[in-house]
Amino acid sequence: LKVTNGALGNIVAPGLAIASENPVYVQGNWNANDAGFGNPHVATSFLCDAMTLLSNAWNDKESFDNPHDVSPRNATTTWYRMAVIAGKGLAFPQPGVGAPPQDYGTDGGAHNFLRYIEDWGGQTLNYRGSIASMYFTRQLTGTYKCCTDVYSPPTRGYNFDVDFLT
């Protein structure tokens, strides 16, 4: 499931909750705009197999044309405000032979719970919300890969949304 057009002012109050047994992709500013988080924002949440965030610059065609080359998929600074409950990948022991990458065999850690498939080099992913993992992903189960084939990490501007305290 891919959702778009969730910029500030486009989501109708009182809010939006999306539940999917499938992976969810959120494209572009969500509950925010290019100037950042503002008002009036609306409560939104996602319950899904896995969550992937796509920047404002995402282009589906580049993904189909270059599935194993991140360089044509250049992200731009993008803002997201939402709650996410999603699965994480299973960890497994690193192979004892060869020189596997440092994170090989892990689920990518909390900083990679929200997934990416673009080259975020030099761009900031601003996230305000809450994240929770209560189960293992059942569909997006591939081995965690970073930094060359699938994506390059963004500068992470992650913050807890204090609206969850009331």
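**Fold and surface of a predicted chain**

Of the contacts in the protein chain with a separation of 6 or more, 81% join residues 24 or more positions apart. The model is predicted, and the percentage refers to contacts counted between heavy atoms within 4.5 Å.

The secondary structure behind these contacts consists of eight strands and one helix. Their order along the sequence is β-β-β-β-β-α-β-β-β, which places the helix between the fifth and sixth strands.

Overall dimensions come next. The C-alpha trace spans about 55 × 35 × 25 Å along its principal axes. The radius of gyration of the protein chain is 16 Å; a compact globule with 166 residues would have a value near 15 Å, so the two agree.

Burial and exposure can be read for the chain as a whole. Of its 166 residues, 37% are buried, where buried means under 20% relative accessible area. The protein chain exposes about 8900 Å², and carbon and sulfur atoms supply 55% of that area.

Part of the surface is a nonpolar patch formed by Phe160, Val162, Phe164 and Leu165, which together have about 430 Å² of accessible area. Within this patch, Val162 lies in the segment after β8, the strand that covers residues 155-160. Is Val162 buried or exposed? Val162 is exposed, because its relative accessible area is 52% and the class begins over 50%. Residues enter such a patch with over 30% relative accessible area, a cut-off that the 52% of Val162 satisfies.

Technical notes
Residues are numbered from 1 along each chain as its sequence is written. This is a predicted model: local features need pLDDT of at least 70, side-chain atom pairs count only at pLDDT 80 or more; totals for chains, interfaces and linings use all residues. Side-chain values use heavy atoms; hydrogens and water are left out. Patches are made of residues with over 30% relative accessible area and no salt bridge: like charges are joined within 9 Å, nonpolar side chains (Val, Leu, Ile, Met, Phe, Trp, Tyr) within 5 Å. Accessible areas come from the Shrake-Rupley method with a 1.4 Å probe; for residues, only the protein chains shown count as cover. A salt bridge is a side-chain nitrogen of Lys or Arg within 4 Å of a carboxyl oxygen of Asp or Glu. Helices (H or I, at least four residues) and strands (E, at least two) are DSSP runs, numbered from the N terminus. Buried means under 20% relative accessible area, exposed over 50%, partly exposed in between (1.4 Å probe, protein chains only). The radius of gyration is taken over C-alpha atoms; the globule rule is 2.2 Å times the number of residues to the power 0.38.
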